[in-house]
Amino acid sequence: MVPIWIYAVVAGIVISALMAIKTGREERQLEMESIEREGEIYLKRLEEEKEKREDLRATGE
């Protein structure tokens, strides 16, 4: 017969593993969202610079 505390330890390990997996997924999701926001900001800046250059060329001609 197996002592009940062994079942409790095994259950704790399983719960801990599941929580680690869940936390890892959430962190990856947040990281991806952050990367997407940074990418959008970068692309917006590139577009603004392009517009400024086009305006300078148009007024310079």
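This tour moves through the structure one selection at a time.

**The whole chain**

Begin by displaying the entire protein chain, bearing in mind that the model is predicted. The protein chain contains one helix and zero strands. Its radius of gyration is 27 Å, well over the 10 Å that the globule rule gives for 61 residues, so the chain is more spread out than a compact globule. Turn the C-alpha trace until its principal axes are aligned with the screen; along them it spans about 90 × 10 × 5 Å.

**The surface**

Next, switch on the surface of the protein chain. About 6100 Å² is exposed, and carbon and sulfur atoms supply 61% of that area. What share of the 61 residues counts as buried? The share is 0%, where a residue must have under 20% relative accessible area to be called buried.

**The nonpolar patch**

Now select Val2, Ile4, Trp5, Ile6, Tyr7, Val9, Val10, Ile13, Val14, Leu18 and Ile21. Together these residues make a nonpolar surface patch of about 1100 Å². Keep Ile21 highlighted: this member of the patch is found in helix 1. Is Ile21 exposed or only partly exposed? Ile21 counts as partly exposed because its relative accessibility is 46%, and that class lies between the limits of 20% and 50%.

**From Ile21 to Gly60**

With Ile21 still selected, add Gly60 and draw a distance between the two C-alpha atoms. The residues are 39 apart along the chain, and their C-alpha atoms are separated by 58 Å.

**The negative patch**

Move on to Glu47, Glu48, Glu49, Glu51, Glu54 and Asp55. On the surface, these residues gather in a patch of negative charge. Choose Glu51 from this group and locate its place in helix 1, which covers residues 4–60. Glu51 has 48% relative accessibility and therefore counts as partly exposed.

**Charges over the whole chain**

Finally, colour the charged side chains across the protein chain. How many are positive and how many are negative? There are 10 positive and 14 negative side chains. If a marker is placed at the centre of each set, the two markers lie 3 Å apart.

**Looking back**

Return to the full view and show both patches together. The nonpolar patch includes Val2 and Ile21, while the patch of negative charge includes Glu47 and Asp55.

Notes. Residues are numbered from 1 along each chain as its sequence is written. This is a predicted model: local features need pLDDT of at least 70, side-chain atom pairs count only at pLDDT 80 or more; totals for chains, interfaces and linings use all residues. Side-chain values use heavy atoms; hydrogens and water are left out. Patches are made of residues with over 30% relative accessible area and no salt bridge: like charges are joined within 9 Å, nonpolar side chains (Val, Leu, Ile, Met, Phe, Trp, Tyr) within 5 Å. Accessible areas come from the Shrake-Rupley method with a 1.4 Å probe; for residues, only the protein chains shown count as cover. A salt bridge is a side-chain nitrogen of Lys or Arg within 4 Å of a carboxyl oxygen of Asp or Glu. Lys and Arg count as positive and Asp and Glu as negative; His and the chain ends are not counted. The place of a charge is taken as NZ of Lys, CZ of Arg, CG of Asp or CD of Glu. Helices (H or I, at least four residues) and strands (E, at least two) are DSSP runs, numbered from the N terminus. Buried means under 20% relative accessible area, exposed over 50%, partly exposed in between (1.4 Å probe, protein chains only). The radius of gyration is taken over C-alpha atoms; the globule rule is 2.2 Å times the number of residues to the power 0.38.
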